[in-house]
Each structure stands twice: as C-alpha cells, then as structure tokens.
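Here are a few short exercises to work through with the model open. Try each task before reading its solution.

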Amino acid sequence: MSKPTVQEDLVEYGFRRTIITITAVLCAMLEIVDTTIVNVALNNMRGSLGATLTDVAWVITAYAIANVIVIPMTSWLSQQFGRRNYFAASIIIFTVASFMCGNADNIWELVAFRFIQGLGGGALLVTAQTIITESYPIAKRGMAQAIYGMGVIVGPTLGPPLGGYIVDHFSWPYIFYINIPIGIIATLLTLTFVRSPKYGEKLTANQVDWLGIGLLAAFIGSLQYILEHGQQDDWFNDGTIVTLSVVSALGLFFFIWRELVYKYPIVNLSVLKDSNLKVGVIMSFIMGFGLYGSTFIVPIYTQSILGWTATDAGLLLVPSSITVACLMPFIGKLIQRGVPQTYMVAVGFLSFFIFTYWMHDIMTPDTGTEHMFWPLIVRGVGLGLLFVPITTLSLSNLTGKSIGEGAAFTGMMRQLGGSFGIAIITTFLARFGQEHRMNLLPYIDGSKPNVQDRLHGLQANFMGRGDTADVALQKAYQVLDLGITKQATVMSFMDIFLYLGVLFLVCIPFILLVKKGKGKVDASAAMH
C-alpha cells in the first residue's frame, strides 16, 4: 500500500471537516466584512474622536495597506511558523486589535490598531482557503473552493448593512467588538482541529529576506496610499502623491531585482513564467475591479442621488450576494464534472457586461429598488461564474509548493484590482460630473422661454412662502442649478457603468489565451 502524500494526509472527514470549514469560512468573512463595515461609521468616528474627514479616511487606508502587504508573504510565513500556529496567531492578532480599535481614544490610535488588525486579517483571508482545500479530497476540491468563494463574495456586501445597523442601534466601537467572541471561538477551534503540513527546513534569522520585506512594504504601501488618496489630494499636483509614486516605482524595481537574485526570496516570482497564471493574475485584477468597484459605486449612487440611508443602500446588494451563495455549490459540481472553466469565465464576464449596461440604461434621479433588483441578480451570477473558475484556471499548470505561491499573486491582484477600481471610479465620477455640468449649463439660459416659465413658477412659490422677489429669484436659480448638478452626476454614473461594461466585454477574447491544464488542479494551497 502506497504512503499517502502530504496533501492526502491532511484530508478530513465528517464532523472534523465540517468544523474546520465553518471556522475557516467564518475567519475569511470576518476579515472581508471588516474592510467595508467601517465605511458607514466614519462620520460617527469623526465626531466622537474630533477628527477631520481626511484623518478618518486613514481608518480604511491603514487596513487596506496592511492587507495587501501581508498577502504575498503569507505562503512563506506559513512555512516558517506552521500553518495552524500562523492561522491561530493571526486570529489572535485580529481579535486583540479589534478590541483595541473599539477602545481607541484618538484617531491615530485607531489608525495604528487598524493597521495591526489588517496584518492579522490579510493572513486570515489567505490561509483560510488553504486550510479548506487541504481538508477535502482532490475530487471534491471544486466544492471546497466554492464554499470559500461564498464567504469572499458575500463578505463585502454584508459590511455596510451590518455596520449601519450597529451604528444606528448601538455605537461605532461595537463594529469592532462583535469580532471578539467570534475570534475567541475560532482560535480554540483552530488549535483543536486544524493540522499543519510538514514543511522543510526553516530559515534562520539572518537568512530571512528582510530587504525584500522592506521593499515590498514600500512598493505596496505607497501604491495603496496613492490609490486611496489620489482623487481627494488632486493626484500629481500634490507633493506627497508625487513622492510616494517615486517610492512605489523604485520599490517595485528593486523588489523584483532582489527576489530574482536572493537565495531565499520572500515571494517566488519564477511562478509567473506560467502562461495560465499570467492570464489568471490579470483576470483576478479585473474581477477585483468589478467586485469591489460595483460594491462601492451602487451604495454611493443610492445614497448621494436617491437619498437612501446607509443601511438601505447596503441591503440592496443582499439579493445579489444570496444569488452568489446559491450558485457556488452548482459551480463546484460543474467543475467536478469537467465543464471547461474557460466557458464559465467567458459567461461570467458577459453577465457582468449585461449588469453594467442594464444599470446604465435604468439610471435616473428617481430609480427605485424594483428597477435595480434584476440587474443586481445578474451581477451575482457573473461573480459566481468568475471567482472559482478564474482561480482554478490560473493554477491549472502548477504543482506542489508553486500552487500556494501562484495563488498568493491571484489574491494580491484581486485586492489591488479593488483598490484601483475604487480610485479610478472616484476620479472619473468627479471628472465626468464636471464635464456634464458644463455641457448642461446652457440649458438653464434665462433668456429661453421655457426656462423663464420655470423660474417664474419657482419664484412665485418662494414668494408665497414670504421671500422678497429678489431673494425668491435667487433661490429659483439655486434650485435649477442643483437640478443640473444632480443630472450631471447621474450622467457620470451612467458613463462609469458603460465603461466598466466595455472593460468586461473586452476581457472575453483573452480567455482564449488560457491553455487547458495538464490535469486536475491540486488545489492544496490554492485560491489565496
């Protein structure tokens, strides 16, 4: 009888596998929910901590920077400390930092603890999937990836409504305190049930690629800051943005050089020689763009244009998430039955194009929930068809330790895609809005008869409320101006959805570049 491989040795069955799966998915969701849950609490934080809007934005930025820095290093850190120990330590760091965030006395304390929370959280996101996939036999790994995918896709959508409810009924520190009991239970379950694969020899302190870690942090940290703050700081007209752009570019250049020449690199760049992984990394970036970009833009539209509350805006995305959750097990079964993933990814991008084009068509200053329900369901179908197939396609030619290393790139690029998406959407919303406003202003020329009629009607209305003729006319012009601004903003949202749709449509031919894998993906370290 042949000796089982390391991967087969880690397969669990029955109750143990169920507990491990629940623990890992819960931890991944905790990390992702925390990326979006604070968005709706920023105003409350600003008030209670006496911070400016720019200061409080760092609560999001610090977490995102820490996340993206730690993700590429997670495969290496797991090998150094043992996967179970590293996962348990990450949960503890995340949980303790959550408690400290809730107890912060000023904004910079909160930012510092959010950064520490992000270092623990990034590791949760990456390691959770490895643990899940290793706990399932190879024949069922498509299903294992689908289970993990539910958590990753549903997480960003749960954040805003959950955060809105907590802020409305309790106070902002409780968005962090809810992590504590879950973190304690997850730590105990991890230490009891999770097992680590046997790794080779660990590095000594003087063999660790400290310079590589520093260069990676400089490159990713600077890039993330630029993306988060570019629009509000006027991009390259700001000295800090210019300086950090130089730091990021130099950091990338010297990081690549270091990893190629050092004997014990923190990130193994040689896996990018695989053509499928190259295409998969690009697709992961675009998927992140679509996932986080649409999760960002839909609530902004409903709150700024339609006047919805944060909770209502968050709840709008829930049916889309439920669609993904229902679809994932079926996608897992289709992969097990050998349905080509290229077809699924192509249909996924097509679904996203349909969603964005549909949203472009229905956008008005008065669009209702009933108009957006079905487009958002189509969005859910698109996400479901993209997540698992893109990852398994990316890793289809890799073997052994390379799978974990390749998967780290897909995870990092998905997160960076989201950051790029939000930064680009924010910038173009402002630019398109100004452009449309300039084009619409001639339509409120006071010499035109229809404009005069509208102005006189509004003036009479204000005079009826006790205003003088001059004040009433001034207010009438303000009403028309606000109407123009609102219409210009709606048109800029329409443009954004149209261009997003074109981006997804253009991706479909690139799927043809993906070669069929040599065999079934051994996803033991997959889909970080």
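**Exercise 1.** How much area does the protein chain expose, and what share do carbon and sulfur atoms supply?

Solution. Start with the ground rules: this is a predicted model, where local features need pLDDT of at least 70, side-chain atom pairs count only at pLDDT 80 or more, and totals for chains, interfaces and linings use all residues. Residues are numbered from 1 along each chain as its sequence is written, and side-chain values use heavy atoms, leaving out hydrogens and water. Now the total: about 22,800 Å² is exposed, with 66% of it from carbon and sulfur atoms (Shrake-Rupley method, 1.4 Å probe).

**Exercise 2.** Find the largest nonpolar core and what surrounds M372.

Solution. First, a nonpolar core joins buried (under 20% relative accessible area) Ala, Val, Leu, Ile, Met, Phe, Trp, Tyr and Cys residues through side-chain atoms within 4.5 Å. The largest one has 115 residues, and F349 and M372 have the most contacts inside it. Helix 13 (residues 275-304; helices are DSSP runs of H or I, at least four residues) gives the most to this core, twelve residues. Next, skip neighbours within four places in sequence: M372 still contacts (heavy atoms within 4.5 Å) residues including Y301, W308 and M359.

**Exercise 3.** Which helix gives the most to the nonpolar surface patch?

Solution. Look at residues 239-261: that's helix 12, with ten residues in the patch. Then check L250, which sits in helix 12 and is partly exposed, at 46% relative accessible area.

Conventions: Buried < 20%, exposed > 50% of the residue type's maximum accessible area, 1.4 Å probe, protein only. Helix = DSSP H or I, 4+ residues; strand = E, 2+ residues; numbered from the N terminus.
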